[in-house]
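Welcome, and thanks for taking a look at this one with us. Please have the sequence and the coordinates open as you read.

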Amino acid sequence: MPLSPSALTLRALMTDPATTGDPWFEQSYLTASDLGALLPYAYRTTGSGGTSMSARFVVEDAVKERQPSFTPEACADLFLALVDGLPQRKWSDLPLATAALVRCPDGPPRADLAEPARALVRFHLAAGRVEHPHALLAVAGLSGLDEEAAAALKDGLGPIATGEIDLLLGWEAERRALLAEVVERSYGCPPPLPDAWERLAAIPEYAAFARSVLEAADARVAAIHAGEIPYRADRAFDDGEKNMLGRAVRLALRQDEPWLPDLFDRLVRGVAVAPTAARTLPSQGLLYEMARAAEEFPTPEAIGALRAAREVTRHAGVPKQLDRILKRIEHALADRAEVAFRMPGLGFEPGGRLRVPVGGHAAVISIGDDVELTWWQGDKRLKSVPSAARRDHADEVKRLRDLTGRARRQLTTLIRALGGGFPSGIAHPYAAWRERLADHPIAGTVARRLIWEIEVSPGRRVSVLGGASDADIAGIIGVAPPPDAPVRLWHPARASLDDVRAWRERVSEERIRQPFKQAFREIYPVTPAEERTGVYSNRFAAHVVDYRKLYALFKQRGWAADMLGPWDGGRHGEARRMLAGGRWRASFFHEADDSGEHATTDQIRFNRNEGGEWREVALTEVPPLVFSEAMRDVDLFIAVTSIATDPGWADRGDGRRDDYWHTAAFGPLPPSAEVRRDALARLLPRSAIAERCALTDRYLTVRGDLRSYRIHLGSANILMDPGDVYLCIVSAPDAAGDVFLPFEEDGRLGLILSKAFLLARDSEIEDESILRQIKG
C-alpha cells in the first residue's frame with residue numbers, strides 16, 4: 001500500500017539528512033498502514049536531537065495513541081529493525097514485535113521473519129533475564145527455538161506457570177502473540193487491541209486451562225489451611241503462578257463464568273488470612289492480582305468477596321490498599337450493565353426489612369440510609385443483644401451480624417456503581433429495571449431515593465422516583481410502560497430548568513436523602529470561551545493547589561496519573577479518566593513546582609476512542625454528560641485542594657501566591673458552589689437560624705450578636721463586617737447536625753452550615769483564638 005504524502009515527508013526526515021521541514025504536523029493525516037510502515041524507520045533513527053529525532057517522536061507518539069496496521073513487508077522490516085545493532089545496542093523491544101504479529105491482517109511472512117526472530121530470541125536468552133516471557137515465546141514460535149526458550153522460561157517456576165508454557169508450545173506464533181498482547185506491554189507499544197480478551201476467550205483450550213489452574217490454586221490454599229502443606233507467609237505461589245492466575249481470573253470474569261463466584265470467594269479469602277494467628281497471609285501478591293483482575297472485569301460477586309477478604313485479613317496494610325482498589329472497581333462496574341445490578345435478596349422483605357425470631361426475642365435488620373441490626377422483645381426495642389441470645393444462640397447472632405455486613409457491602413457497591421454510571425447514561429429495559437432495582441428488597445431501598453427517566457415513546461421521556469409503582473407510572477403516562485421501555489437515571493444536564501427546580505423542591509420538601517448528588521448535581525455546559533478555544537478548556541486553569549491532596553483525589557476519583565517530582569520531565573503531569581465505558585477520555589494537565597508541594601492547573605482536553613485509536617475532538621463534539629461529569633471532577637479537585645480553601649494561608653506571607661489566594665478565596669462561584677447556594681436557599685428557611693441568615697451572589701451572610709459575617713459559598717472562608725476583616729476558623733463544631741441535607745457527599749456544605757450556626761451565636765463562643773479575632 002503506498003504511503004501518504006505526510007508519511008513520505010516523515011520518512012524523508014528520518015532517512016535523508018538533506019531533507020528539511022517541520023515534522024510536527026497533525027498526526028491524524030497518517031493512516032494506520034502509514035504508521036506500520038514508518039515504525040521501523042523510527043526505531044532505527046538515533047541521536048540526541050534534530051529534525052530526524054523530532055520526526056521519530058511524531059511517529060512513536062502516534063503509534064502509542066493509535067492502532068497501526070502492518071503489511072507483511074512492514075512486519076518483516078520491523079523485525080529487521082529490532083535486530084539492527086544487536087548486541088551492541090543492548091536492548092530490543094520484544095512486545096513491539098508481537099504487537100506487529102497481531103496487527104498484520106494478511107499474516108506475517110514466516111520465512112522472512114525466521115532469521116531475525118532467531119537473533120531476537122538468542123539475544124534475550126543470552127541476557128540472562130527475560131522481561132517479557134510471553135513475547136519471547138511468541139517470537140520463538142517463528143524461530144525454531146521453542147525448546148531453548150521454554151527451558152529458560154520454566155526455570156524456577158511452579159507447576160501452574162509451567163503448565164501454561166506447555167500449553168502455548170502447541171500454539172502457532174500469532175496465537176501466542178495474542179496472549180502477549182493482553183499480558184505484556186512496552187513503552188512504545190500501541191494501545192491493546194480492543195477485542196484481544198474476546199479473541200483469547202474464544203480459544204476453548206485456554207478457557208479450560210484457566211478453570212483448571214484456578215481449581216488447582218483453590219485446592220492448594222485449602223491444603224495450606226488444613227495443615228497438609230506447611231504455611232510460609234506470602235509464599236503460597238511464586239510470581240509466575242500469581243501472574244498466570246491473574247490471567248485466568250480475568251478470562252473467567254470477562255466471560256462471567258457461572259462457576260467462578262464461589263471459587264473466587266474461597267480463593268480470595270483463603271489467601272487473605274493466615275491459617276495461624278499470625279498477621280501475615282498466604283499470598284498478598286495473588287490477593288492484589290485478583291483485585292486488579294476484578295477492576296478490569298468487575299462483577300458484584302467479586303466485589304463482595306474482596307470486601308469479605310478485607311474484613312478477615314489481619315495484615316495492617318491490606319485493608320487500606322483494598323479500599324483504594326475497591327473504589328475503582330465499583331466505578332468500573334457501572335460500565336458492565338449486564339452484570340452490574342445482579343444482587344441476591346438475602347431473604348429481605350420488600351422495603352428492605354428482615355425479621356428473624358431468636359429464642360424469645362427478635363432480630364430486625366432494616367435498610368434506610370444505612371443497614372441497622374436491632375433487637376426486640378415484643379414491641380420494645382432493646383439497647384443491645386439480649387444476653388440469652390448471646391448465650392443460647394451465638395451462631396445465629398454471628399450469622400445475623402454477617403448478614404448485616406453483607407447487605408451493607410451490597411448497598412455500597414450498588415450506590416457506587418450507579419454513581420459511576422452517570423456519564424454513560426446506561427439504560428435498562430423496564431422489566432429488568434423493575435425486577436433488579438425498583439422492586440428488589442435490597443436494591444429498591446436505593447432506587448426509590450433516586451430519580452429515573454423512562455422513555456415511553458420515541459423521544460418522549462417521563463421522570464419518576466424509583467419508588468413509583470406500575471400504577472403510579474401508568475397514571476402519569478396513561479398506560480403501563482412496555483417491558484422493553486428504556487429506563488435510565490435522570491440527569492439534570494438532560495432536563496429543563498423547570499424540571500430541575502421541581503425535583504430539587506420535591507427532594508427537599510419530602511426530605512429524601514439521595515445516596516449521591518442527583519437532583520442537586522452540578523451542570524457544566526460548554527461556554528462561549530471554550531467554543532473559541534476549540535479542543536481545550538481553560539476554565540479551571542491557573543489555580544494553585546496542594547499537589548499531594550490533588551494526587552490522592554486523582555486516585556480516589558478514578559483518574560490515572562503519575563506522581564510528579566524533581567526529576568527529568570517530572571514536573572509536567574497529565575491525569576486521565578476513561579468515561580462512557582471507555583469510549584471517551586478526559587485529560588487534565590497540571591504542573592508541579594520545584595518543591596513538589598504545590599501544583600498549577602492547566603488545560604482540559606477530550607479524546608474519543610475510534611476503533612482502538614484515540615482522537616482529540618473539539619469540546620462541542622463531546623457528549624454533554626461526558627463533558628459535564630469530567631468538568632465536575634476537575635471542579636472538585638480545585639474546590640478541595642486549592643490553597644484558597646486553606647483558612648491559614650493568609651498568615652503564611654507567601655508573596656508569590658497571596659494575590660491568587662485573595663482572588664480565589666472570595667471570587668466568583670464555580671458551578672459546584674452555585675448548586676450549594678441553591679441547596680442553602682431551600683434548607684435555611686427550615687433551620688433555627690433562618691432569621692439571622694441571608695444569601696447574596698457569593699456569600700451566606702450571618703448576623704451574630706457581636707458582628708456580622710459573610711461566608712464565601714465556594715471556599716467557606718469568612719469576612720467580618722465592618723471592614724471586610726478576615727476571620728480564620730479552620731473547623732467548626734457540628735452545630736448544624738439537625739439540618740436535613742438532601743445528599744451525602746458535600747462536606748463543604750456541612751462546613752458552611754456549621755460555621756453559620758457557630759457565628760449566629762457568636763456571644764456563646766468560648767474559643768479564645770476565635771474571640772480575639774472577632775473582638776479585634
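What follows is a short tour of some strands, a cavity and several salt bridges. Please keep in mind that this is a predicted model.

**Strands**

Let us begin with strand S6, which spans residues 451-457. Five of its seven residues are buried, leaving the strand mostly covered. S6 pairs with strand S7 (residues 460-465) in the antiparallel sense, and six bridges join the two. Within this pairing, tryptophan 452 has valine 464 of S7 as its bridge partner. The two strands form a hairpin with two residues between them. If you look at the turn, you will find glycine 459 with a positive phi of about 85°.

S6 also has a partner in strand S8 (residues 486-489), again antiparallel, with three bridges. Here isoleucine 454 stands opposite valine 487 of S8.

**Cavities**

S8 comes up again when we turn to enclosed space, as it contributes two or more residues to the lining of the largest cavity, and so do helix H18 (337-340) and helix H20 (394-420). The model has three cavities of 30 Å³ or more, and the largest holds about 130 Å³ of space. It is lined by 17 residues, of which Leu418, Gly421, Phe422, Ile426 and Leu489 are the closest to its centre. What is the make-up of this lining by class? There are 11 nonpolar, four polar and two charged residues.

**Salt bridges**

The structure holds 65 salt bridges. Three of them are set out here.

| Pair | Closest N to O |
|---|---|
| Arginine 56 and glutamate 60 | 2.9 Å |
| Glutamate 164 and arginine 247 | 2.7 Å |
| Arginine 409 and glutamate 311 | 3.0 Å |

Arginine 56 and glutamate 60 sit in helix H3 (residues 50-65), four residues apart, which is about one turn of the helix. Glutamate 60 counts as partly exposed, because its relative accessibility is 22%.

The pair of glutamate 164 and arginine 247 links distant parts of the chain: helix H9 (residues 159-168) holds the glutamate and helix H13 (residues 239-255) the arginine, 83 residues apart. Are these two residues buried or exposed? Both glutamate 164 and arginine 247 are buried.

Arginine 409 in helix H20 and glutamate 311 in helix H16 (residues 300-312) are 98 residues apart and again link distant parts of the chain. Arginine 409 has a relative accessible area of 15% and is therefore buried, whereas glutamate 311, at 51%, counts as exposed.

Finally, a network of salt bridges links Arg504, Glu505, Glu509, Asp678, Arg682 and Arg686.

Technical notes
Residues numbered from 1 in each chain as written. Predicted model: local features only at pLDDT ≥ 70, side-chain atom pairs only at ≥ 80, totals over all residues. Heavy atoms only, no water. Buried < 20%, exposed > 50% of the residue type's maximum accessible area, 1.4 Å probe, protein only. Pairing = 2+ DSSP bridges. 1 Å grid on protein atoms, 1.4 Å probe; cavity = no way out; pocket = protein on both sides within 12 Å on 5 of 7 lines; lining within 4 Å. Points joined across faces, edges and corners; volume = space filled by probe spheres on them. Nonpolar A, V, L, I, M, F, W, Y, C, P; charged D, E, K, R; others polar. Salt bridge = Lys/Arg side-chain N within 4 Å of Asp/Glu carboxyl O.
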